[in-house]
Amino acid sequence: RTQGDNAVYLHPQTGEVVRITYHRDLPLGVRLQRDMFGLHFGTFAGHYSRVAWVLLGIVPTALFLTGALMWWN
């Protein structure tokens, strides 16, 4: 699992619940690692965060191009 959710493990033949792992009960390091997945891919706040990540990704290119144009002139 790569997201900060709870995990339910089922027995493959019977469907019986074998174990439940709650996110809040995991060690801090494991919780932070799982929570970084949503931050890295921009899925932590739905489509709004994805749009923000795309715009933030375009900013360095735009700054480079405008800076090169200013230098050229």
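Two aromatic pairs are present in the structure, which is a predicted model. For one of them, select Phe 37 and Phe 41: the ring centres lie 4.9 Å apart and the planes meet at 55°, so this pair is classed as tilted. An angle of this kind falls between the limits of under 30 degrees for stacked and over 60 for edge-to-face.

**Helix α1**

Keep both phenylalanines displayed and add residues 28–41, which make up helix α1. Phe 37 and Phe 41 are four residues apart in this helix, and therefore about one helical turn separates them. In an α-helix there are 3.6 residues a turn, so residues three or four places apart point the same way. A surface coloured by relative accessibility gives 26% for Phe 37, which counts as partly exposed. Phe 41, at 48%, also counts as partly exposed, because the exposed class begins over 50%.

Next, take the first and last C-alpha atoms of α1. The helix has 14 residues and spans 21 Å between these atoms, close to the 20 Å expected at 1.5 Å a residue. Just after α1, select Gly 42, whose phi is positive at about 75°.

**The hairpin**

Move now to residues 7–10, strand β1, and residues 17–21, strand β2; the two run antiparallel and are joined by four bridges. Six residues lie between the strands of this hairpin, and Gly 15 in the turn has a positive phi of about 75°. Across the strands, Leu 10 stands opposite Val 17 of β2.

Which residue of β2 is the bridge partner of Tyr 9? Select Arg 19, which holds that position. Display the side chains as well: Arg 19 lies over the face of Tyr 9, 4.2 Å from the ring centre. This cross-strand couple is thus linked by a backbone bridge and by a charge placed over a ring.

**Tyr 22, Arg 24 and Asp 25**

Continue to Tyr 22 and Arg 24. The charged end of Arg 24 sits over the ring of Tyr 22, at 4.7 Å from its centre. Add Asp 25, which forms a salt bridge with Arg 24; their closest N and O atoms are 3.9 Å apart. The cut-off for such a contact is within 4 Å, and the count of salt bridges comes to one. Arg 24 and Asp 25 are both exposed. Side chains of opposite charge can pair when their charged atoms come close.

**Helix α2**

Finish with residues 47–72, helix α2, which has 26 residues. From its first C-alpha to its last, α2 reaches 38 Å, close to the 38 Å expected at 1.5 Å a residue. Where does α2 bend? Centre the view on Val 59, where the bend is about 25°; Pro 60 follows within four residues.

Ala 52 also lies in α2 and, at 30% relative accessibility, counts as partly exposed. As a last selection, draw a C-alpha to C-alpha distance from Ala 52 to Trp 71: these residues are 19 apart in sequence and 29 Å apart in space.

Definitions and conventions: Residues numbered from 1 in each chain as written. Predicted model: local features only at pLDDT ≥ 70, side-chain atom pairs only at ≥ 80, totals over all residues. Heavy atoms only, no water. Phe/Tyr/Trp six-rings, centres within 6.5 Å; stacked < 30°, edge-to-face > 60°. Buried < 20%, exposed > 50% of the residue type's maximum accessible area, 1.4 Å probe, protein only. Lys NZ or Arg CZ within 6 Å of the ring centre and 35° of its normal. Pairing = 2+ DSSP bridges. Expected span 1.5 Å × (residues − 1). Bend = angle between axes of the 7 residues up to and from the residue. Salt bridge = Lys/Arg side-chain N within 4 Å of Asp/Glu carboxyl O.
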